[in-house]
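Trainee: I would like to learn how to read a protein model, one feature after another. Could we go through one together?

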Amino acid sequence: MRIAVTGSIATDHLMTFPGRFADQLVADQLHTVSLSFLVDNLDVRRGGVAANICFGMGQLGGGPILVGAAGFDFDEYRAWLDRHGVDTGSVRISEVLHTARFVCTTDQDHNQIGSFYTGAMSEARLIELKAVADRVGGLDLVLIGADDPEAMLRHTEECRTRDLPFAADFSQQIARMDGTEIRTLMDGAAYLFSNEYEKGLIESKTGWSEQEILERVGHRVTTLGSRGVRIERVGEDPIEVGCPEEEAKVDPTGVGDAFRAGFLTGLSWGVGLERAAQVGCMLATLVIETLGTQEYTLRRANFMERFTKAYGDEAAAEVQGYLV
């Protein structure tokens, strides 16, 4: 099963200020703020939703196809993804723009000042999925993740035009989209991904009820935080899968991306929705135990031991053969 993942490719530049931002602000001068903070450290991490999902799929042997736009500074990041089983041959490289970048400083009270540079991500709208499909010999599913909004709309329309099954996954972009755009992006999707809060926001913005949305998508996949995930289909009982026990809770960033990686890989294995969701939840647990979205290591024996403990011998027997 050939799965293309479209969406953002970015790097995060994270800094820590040992003081409090509030102590540096003068109440009657807030209209003309000019501040510089001497920070203690700089942590540069690879990120972007599409790259995060593809990294997880690559760790599981899913052979994902990354589709997005990056800058002329992408060589090192590309090498990292290639080494971890990601097909980066369809990444568009901008000749003039840097890869998208999030720059953030956090103070001792966990207040943050951040900026997001879109950069090369704005060129994702120029990517044609037909060229991707032709290069790899066809596509079985396209996940349309958070990206340049125009790119998301164009990729969705191309999937409909070319009869390519697609999954809708707005995540961070849902806040800036209106009801018309959201309806356009999800109508006819084979899968609709969201977390519990986004689920309510989708219903509020579109004006569609839960039932109306279910009638327009094949499967509605809602992540529930520590309670796992729920998968709904018209006319069938929901499938609910819990999370494995965590060894530590270090950093929740990228947990949703990891679930999608595991779930999509499970679909490509053909193990069924419940098993795919269990693989997704197990991978998400590894990410929450690690600082950074692509810093975890998938040790197969350990993965299967924990998977078996969480979901039982029968579930483990169905996925064991795919983790080689």
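Mentor: Happily! Let's begin just past a helix: α4 is followed by Asp163, whose phi is positive, near 55°. Keep in mind that this is a predicted model.

Trainee: Which residue takes a positive phi just after α3?

Mentor: That is Gly137, with a phi of about 85°.

Trainee: Back to α4, then. How far apart are the end C-alpha atoms of this helix?

Mentor: They are 19 Å apart. Helix α4 covers residues 149-161, which makes 13 residues, and at 1.5 Å a residue the helix should span 18 Å, so the two values agree.

Trainee: Which residues of α4 are buried?

Mentor: The buried ones are Pro149, Ala151, Met152, His155, Thr156, Glu158 and Cys159. They pack against three strands, β1 (3-6), β9 (141-144) and β10 (166-168), and against the helices α3 (129-136) and α5 (179-186).

Trainee: How should I think about which way the residues of a helix point?

Mentor: Here is the general idea: an α-helix has 3.6 residues a turn, so residues three or four places apart point the same way. Now try α3, where Leu129, Val132, Ala133 and Val136 are buried. Looking down the axis of α3, you find these buried residues within an arc of 95°, so they line one face of the helix. Their cover includes β1, β4, β9 and α4.

Trainee: Those strands keep coming up. How do I read a sheet?

Mentor: In general, strands of a sheet pair through backbone hydrogen bonds, either parallel or antiparallel. In this model, eight strands form an open sheet in the order β4-β1-β9-β10-β11-β12-β13-β14, and the pairing is mixed. At the edges are β4 (65-67) and β14 (239-241), each of which pairs on one side only. From one strand to the next, the twist averages 20°.

Trainee: In which sense do β12 and β13 pair?

Mentor: Strand β12 (residues 219-223) and strand β13 (residues 229-232) are antiparallel, joined over four bridges. To see the pairing in the model, look for Thr222, which stands opposite Arg230 in β13.

Trainee: Which strands does helix α9 lie across?

Mentor: Helix α9 (residues 273-288) lies across β11 (191-195), β12, β13 and β14, and runs at about 25° to β14.

Trainee: What about charged side chains?

Mentor: The general idea is that side chains of opposite charge can pair when their charged atoms come close. The count here comes to 25 salt bridges. One of them joins Asp43 and Arg45, with the closest N and O atoms 2.7 Å apart.

Trainee: Is Arg45 buried or exposed?

Mentor: Arg45 is buried, because its relative accessible area is 14%, and the cut-off for buried is under 20%. Asp43 has 26% relative accessibility, so it counts as partly exposed.

Trainee: Where in the chain are the partners Arg46 and Glu295?

Mentor: Arg46 is in strand β3 (residues 41-47) and Glu295 is in the loop between α9 and α10 (300-311), so this pair, 249 residues apart, links distant parts of the chain. Their salt bridge has an N to O distance of 3.8 Å.

Trainee: Which residue forms a salt bridge with Arg275?

Mentor: Its partner is Glu318, at 3.3 Å from N to O. This pair links helix α9 to helix α11 (residues 313-320). Finally, Lys199, Glu203, Glu210 and Arg220 are joined into one network by salt bridges that share partners.

Technical notes: Residues are numbered from 1 along each chain as its sequence is written. This is a predicted model: local features need pLDDT of at least 70, side-chain atom pairs count only at pLDDT 80 or more; totals for chains, interfaces and linings use all residues. Side-chain values use heavy atoms; hydrogens and water are left out. Two strands pair if DSSP finds at least two bridges between them. Helices (H or I, at least four residues) and strands (E, at least two) are DSSP runs, numbered from the N terminus. Axes are lines fitted to C-alpha atoms, for helices over the stretch in contact, and angles run from 0 to 180 degrees between N-to-C directions. Contact means heavy atoms within 4.5 Å. The expected span of a helix is 1.5 Å times one less than its number of residues. Buried means under 20% relative accessible area, exposed over 50%, partly exposed in between (1.4 Å probe, protein chains only). A salt bridge is a side-chain nitrogen of Lys or Arg within 4 Å of a carboxyl oxygen of Asp or Glu. The arc is that of the directions from the helix axis to the C-beta atoms.
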